[in-house]
Amino acid sequence: MDFKAVIFDLDGVLVFTDKYHYLAWKEIAGELGIDFTEKDNDRLRGVSRAESLEIILEKYEGEPLDDAKKADLLERKNNIYREYLGEMSPSDVTGDVRDTLKKLKENGIKLAVGSSSKNTAFILEKTDLTDAFDAVADGTMIVRSKPDPEVFLKAAELIDMSPSDCLVIEDADAGVEAAIAAGMHSAAIGAARNSHKAEAEIESVADILNL
Ligand code: BG6
Ligand code: MG
């Protein structure tokens, strides 16, 4: 595969914060009488916080919720999630990830993050990953979440690369779709491998070095 830059999704690729999203949403869903499963959680990968709530509410059977109530649920979900994030440390990044970032950089490959999360800066800081990247595009910089390509196009712009020179690493179907819509190469890891939509499937981040 011919690429000059790698754009990494964050949650579920560089760090396993996807389990914290799941636990936080499960608590909120439970309050609403909704049975929230790990399968439901897979639909929220890559999707913005507000859109995630709408997907969860597809199973809701109570009184209609107004915008103020939804805003309150979103804030509380984020507070629960950030309590988990607050416990994170550099040891939450695997050696596999750190070594691969280092080797790619040594090979002259530009590195960026492309995440829908508004907590990206906080997570990178807690895990001591901020300086590993040439640029970070995140949920605070975009108006349309994945599967829209906006966040990946923003990342490519920040590192001054053409989309066709970029490879996106994703654990979300929505993210793979966004990479394809951006005209970028794509490699699926974790949950996104099941749908076989990406150009390549990898078992671990180190497999990027063999693409
Ligand atoms: C993505 C996650 O990275 O970020 C989604 O895969 C999440 O599950 C989205 O909803 C938004 O995250 P945050 O941190 O802004 O609530
Ligand atoms: Mg992800």
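**Figure 1. Residue classes in the lining of the largest pocket of the predicted model.** Twelve charged residues, eleven polar residues and eight nonpolar residues make up this lining. The pocket that they enclose has a volume of about 530 Å³. Among the 31 lining residues, those closest to the pocket centre are Val47, Ser48, Arg49, Ser116 and Ser117.

**Figure 2. Helices that contribute to the lining of the largest pocket.** Two or more lining residues come from each of helix H1 (18-31), helix H3 (49-56) and helix H4 (67-86). The greatest contribution is that of H3, which supplies four residues.

**Figure 3. Position of the largest pocket relative to the two domains.** Lining residues are drawn both from domain 1 (5-15 + 91-210) and from domain 2 (18-85); the pocket therefore lies between these domains.

**Figure 4. Residues surrounding ligand 1.** The ligand is surrounded by 15 residues. Asp11, Val47, Ser117, Lys118 and Asn119 are the closest of these.

**Figure 5. Polar contacts of ligand 1 with Leu44, Val47 and Arg49.** Two of the contacts shown involve the protein backbone: a polar backbone atom of Leu44 is 3.0 Å from an oxygen atom of ligand 1, and a polar backbone atom of Val47 is 2.6 Å from an oxygen atom of ligand 1. Arg49 takes part through its side chain, with a polar atom 2.7 Å from an oxygen atom of the ligand. Ligand 1 exposes 390 Å² when taken alone, and 97% of that area is buried by the protein.

Methods: Residues numbered from 1 in each chain as written. Chains lettered and ligands numbered in written order. Predicted model: local features only at pLDDT ≥ 70, side-chain atom pairs only at ≥ 80, totals over all residues. Heavy atoms only, no water. 1 Å grid on protein atoms, 1.4 Å probe; cavity = no way out; pocket = protein on both sides within 12 Å on 5 of 7 lines; lining within 4 Å. Points joined across faces, edges and corners; volume = space filled by probe spheres on them. Nonpolar A, V, L, I, M, F, W, Y, C, P; charged D, E, K, R; others polar. Domains from an automatic or database assignment. Near = heavy atom within 4 Å. Polar contact = N/O pair within 3.5 Å; in protein donor to acceptor, adjacent residues only side chain to side chain. Areas by Shrake-Rupley, 256 points an atom, 1.4 Å probe, with all protein chains shown as cover.
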